[in-house]
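Biologist: Could you take me through this structure, with the reasoning behind each answer?

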Amino acid sequence: MLLRISFFVVLAPYFPNLGGSAVEEARFCFVRGFGGTGTGLATMMLEEMSFVSTMRDTTAKYEDEGQYLQTVFPEIRHRTKESCGGSIASCPKMRDDVLAKFGTFQKARDRLVEEWSKWWDKSAAIRVEKTPDLAVGLLSSLFPNAFVLLTVRHPFFWHHSKHCPDHDP
């Protein structure tokens with residue numbers, strides 16, 4: 001409950017008419033963090049808010065992740081250390097690759113919005129996309145006014161959730 005209230009406190013100042021009339025232009029919120037850090041939980045809590053739309057019941061391979069529902073940037077499983085410029089998680093080179101592919105960030109943004117929009121409620125003030133990576137450099141170029149919600153989990157508990165699922169720390 002506290003986490004849900006925190007999300008509302010963070011997002012509410014940007015939308016004085018939450019729950020009111022249609023919003024002129026939707027804002028985007030990208031939920032990011034490594035697998036097992038709570039990106040799914042954060043997304044589920046966000047979707048409880050009436051002014052938020054998350055991707056649900058999609059054709060995505062895992063947990064309705066946006067990376068599987070678009071063609072603008074490569075899925076995490078197709079990234080290599082070399083193709084990403086050193087880091088598969090943040091993939092700093094991906095920004096330049098997308099710009100080279102589309103010519104402008106606006107064209108890439110338009111494609112992403114087109115591909116993701118069929119999974120969102122178009123009347124929602126905030127549209128949420130979740131992918132467990134840290135490629136916020138690309139996202140901030142495509143969506144400069146977007147929120148980025150980064151989930152972090154203590155390494156001890158992350159390790160136990162991944163490597164010792166039958167063991168309660």
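Modeller: The questions below go through a predicted model, from its cores to its strands and two loop residues.

Biologist: Which helix gives the most residues to the largest nonpolar core?

Modeller: In soluble globular proteins, nonpolar side chains tend to be buried together. Here the largest nonpolar core has 23 residues, and Val-72, Phe-73 and Trp-116 are among those that touch the most other members. Strand S1 (27-32) and helices H4 (94-102), H5 (105-117) and H6 (136-142) each supply at least two residues. The one that gives the most, with 4 residues, is H5.

Biologist: How many residues does the second, separate core have?

Modeller: This core is separate from the largest one, and Leu-46 and Met-49 belong to it. Ile-126 and Val-128 are also included, and the number of residues is 12.

Biologist: What does H5 reach from its first C-alpha to its last?

Modeller: H5 has 13 residues, and the expected span counts 1.5 Å for each residue but one. That gives an expected 18 Å, and the helix comes close to this. The reach is 18 Å.

Biologist: Which elements do the buried residues of H5 pack against?

Modeller: An α-helix has 3.6 residues a turn, so residues three or four places apart point the same way. The buried residues of H5 include Phe-105, Ala-108, Arg-109, Leu-112 and Trp-116. The buried residues of this helix pack against S1, H4, strand S3 (126-130) and H6.

Biologist: Is S1 largely enclosed or largely open?

Modeller: S1 pairs with S3 in parallel through 5 bridges, and Arg-27 stands opposite Ile-126 there. S1 also pairs in the parallel sense with strand S4 (residues 147-150) over 4 bridges, where Arg-32 stands opposite Leu-150. Because 5 of its 6 residues are buried, S1 is largely enclosed.

Biologist: Is Glu-63 buried or exposed?

Modeller: Most residues other than glycine have a negative phi. Glu-63 has a positive phi near 40 degrees, and is found in the loop between strand S2 (52-54) and helix H3 (81-84). Its relative accessible area is 54%, and the cut-off is over 50%, so Glu-63 is exposed.

Biologist: Is Asp-64 buried or exposed?

Modeller: Asp-64 lies in the loop between S2 and H3, and has a positive phi of about 55 degrees although it is not a glycine. The relative accessible area of Asp-64 is 13%, and buried means under 20%. Asp-64 is therefore buried.

Conventions:
Residues are numbered from 1 along each chain as its sequence is written. This is a predicted model: local features need pLDDT of at least 70, side-chain atom pairs count only at pLDDT 80 or more; totals for chains, interfaces and linings use all residues. Side-chain values use heavy atoms; hydrogens and water are left out. A nonpolar core is a set of buried Ala, Val, Leu, Ile, Met, Phe, Trp, Tyr and Cys residues joined through side-chain atoms within 4.5 Å. Buried means under 20% relative accessible area, exposed over 50%, partly exposed in between (1.4 Å probe, protein chains only). Contact means heavy atoms within 4.5 Å. Two strands pair if DSSP finds at least two bridges between them.
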